[in-house]
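Let's take a friendly walk through this protein, one residue and one helix at a time. Keep the 3D view open as you read.

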Amino acid sequence: MRRINGTALIVAALVATVGALAFPVWSYADRSGTGQANLNASTVATQWGPLSATDRDFLIRVRLAGLWELPAGQQAVERAPSQAIRDCGDHLVVGHTDLDERARDVAAKLGVELPNQPNEQQQGWLRELSAAQGQEYERKFANLLRNAHGKVFALVAQVRHTTRNTLIRQLATDANQTVLDHITMLEATGFVDFDALANEAAGTATASPTGPVPPDGNPPAAPAPAAPAGDQSFTSRPSTQPGAPTAINTNRPEPGSERTTPMDMSTHQPQDGR
């Protein structure tokens with residue numbers, strides 16, 4: 001009896017321990033404050049698909065970008081001493097005029113209120129540019145705008161990857177083309193401080209770096225080319241030749257043209273069944 005009672009106590013203790021360990025696992029998923037709960041709580045239904053807080057934040061950031069980058073570009077066209085900076089300014093004005101119109105069209109359809117002036121930090125950047133002259137102006141212009149575009153580029157990628165709203169997805173595609181075009185133009189000026197960009201990013205990183213081991217100075221063996229097998233024919237072509245500057249095609253349909261099909265909210269599928 002003592003042996004049986006001892007065994008029963010051990011079994012009971014093990015069951016209780018396992019239960020105590022398992023409880024937080026299954027209960028945590030149902031607690032408010034989790035990522036899934038926050039997503040659900042902040043998302044509203046629209047005819048174009050669910051609209052999340054991240055989607056709405058993206059819309060506002062696109063609008064804010066245009067509110068300061070467009071006047072910055074116009075200023076560069078008027079007063080920059082070099083043609084490269086004036087060309088950047090031209091791309092900023094044209095790109096953000098177009099993108100702002102698209103953002104306002106999407107915001108009106110989705111019922112999202114947009115700001116009408118740059119935020120305090122952006123106003124500070126405009127004041128910095130207005131106070132600078134000559135090559136100092138060009139360096140500030142290239143680096144302030146390259147840094148801002150690089151940060152919003154990450155948000156564009158996140159939204160394009162995760163949004164369930166077709167209007168937001170298309171706007172993210174448009175923004176990706178515009179932002180990449182502006183980054184390319186800014187880097188072509190020769191004024192961008194890539195060391196400063198890398199060091200700033202490293203200062204905010206929390207994860208340990210990963211990747212292949214650093215090179216030891218000896219050239220590695222040349223890898224085999226990635227090429228299709230067989231004798232199929234293909235119709236698409238690379239956008240640029242290797243080593244050539246990236247050419248960004250920013251031609252898009254007119255803002256407001258219906259490039260997406262409203263969603264059936266019961267299935268999240270296009271209503272025409274495609």
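In this predicted model, is L110 buried or exposed? With a relative accessible area of 11%, L110 falls under the 20% cut-off, so it counts as buried. You will find L110 in helix α4. Leaving out residues up to four places away in sequence, L110 touches T46, W48, L51, L59, N165, L167 and I168. One of these partners shows nicely how a chain folds back on itself: L51 is 59 residues from L110 in sequence, but their C-alpha atoms are 8.2 Å apart in space.

Now compare D90, which also lies in helix α4. Its relative accessible area is 42%, and because that value sits between 20% and 50%, D90 is called partly exposed. D90 can be paired with A76, 14 residues away in sequence and 8.1 Å away in space, C-alpha to C-alpha.

Here are the two pairs side by side.

| Pair | Separation in sequence | C-alpha to C-alpha distance |
|---|---|---|
| L110 and L51 | 59 residues | 8.2 Å |
| D90 and A76 | 14 residues | 8.1 Å |

Let's step back to the whole chain. It has 8 helices and 2 strands, and along the sequence the order is α-α-α-α-α-α-α-α-β-β. Of its 274 residues, 31% count as buried. Look also at contacts between residues at least 6 apart in sequence: 76% of them join residues at least 24 apart.

Next, the interior. In soluble globular proteins, nonpolar side chains tend to be buried together. Here the largest nonpolar core holds 21 residues, and W68, I85, L129, Y137, F141 and L145 touch the most other members. Helices α3, α4, α5 and α6 each supply at least two residues of this core. Which helix gives the most? That is α6, with 6 residues.

F141 is a good residue to click on. Setting aside neighbours within four places in sequence, F141 is in contact with A72, G73, A76, I85, C88, G89, L92, L129 and L186. There is also a second, separate core of 20 residues, which includes L51, L114, L167 and L171. Two of these names, L51 and L167, are already familiar as contacts of L110.

Helix α5 invites a small calculation. How far should its 12 residues span? At 1.5 Å a residue, the expected span is 16 Å, because the rise is multiplied by one less than the number of residues. The end C-alpha atoms of α5 are 17 Å apart, which agrees. The buried residues of α5 are Q122, G124, W125, L126 and L129, and what covers them includes α3 and α6.

Finally, look for empty space. Rolling a probe the size of a water molecule over the atoms shows where such space is left. The largest pocket has a volume of about 490 Å³. Its lining has 26 residues, with Q122, W125, A148, K151 and V152 lying nearest the centre. Two or more lining residues come from each of α3 (53-79), α4 (83-110), α5 (120-131), α6 (134-162), α7 (166-187) and α8 (194-204). Once again α6 leads, giving 8 residues to this lining. By class, the lining has 14 nonpolar, 7 polar and 5 charged residues.

Methods:
Residues numbered from 1 in each chain as written. Predicted model: local features only at pLDDT ≥ 70, side-chain atom pairs only at ≥ 80, totals over all residues. Heavy atoms only, no water. 1 Å grid on protein atoms, 1.4 Å probe; cavity = no way out; pocket = protein on both sides within 12 Å on 5 of 7 lines; lining within 4 Å. Points joined across faces, edges and corners; volume = space filled by probe spheres on them. Helix = DSSP H or I, 4+ residues; strand = E, 2+ residues; numbered from the N terminus. Nonpolar A, V, L, I, M, F, W, Y, C, P; charged D, E, K, R; others polar. Core = buried A, V, L, I, M, F, W, Y, C linked by side-chain atoms within 4.5 Å. Buried < 20%, exposed > 50% of the residue type's maximum accessible area, 1.4 Å probe, protein only. Contact = heavy atoms within 4.5 Å.
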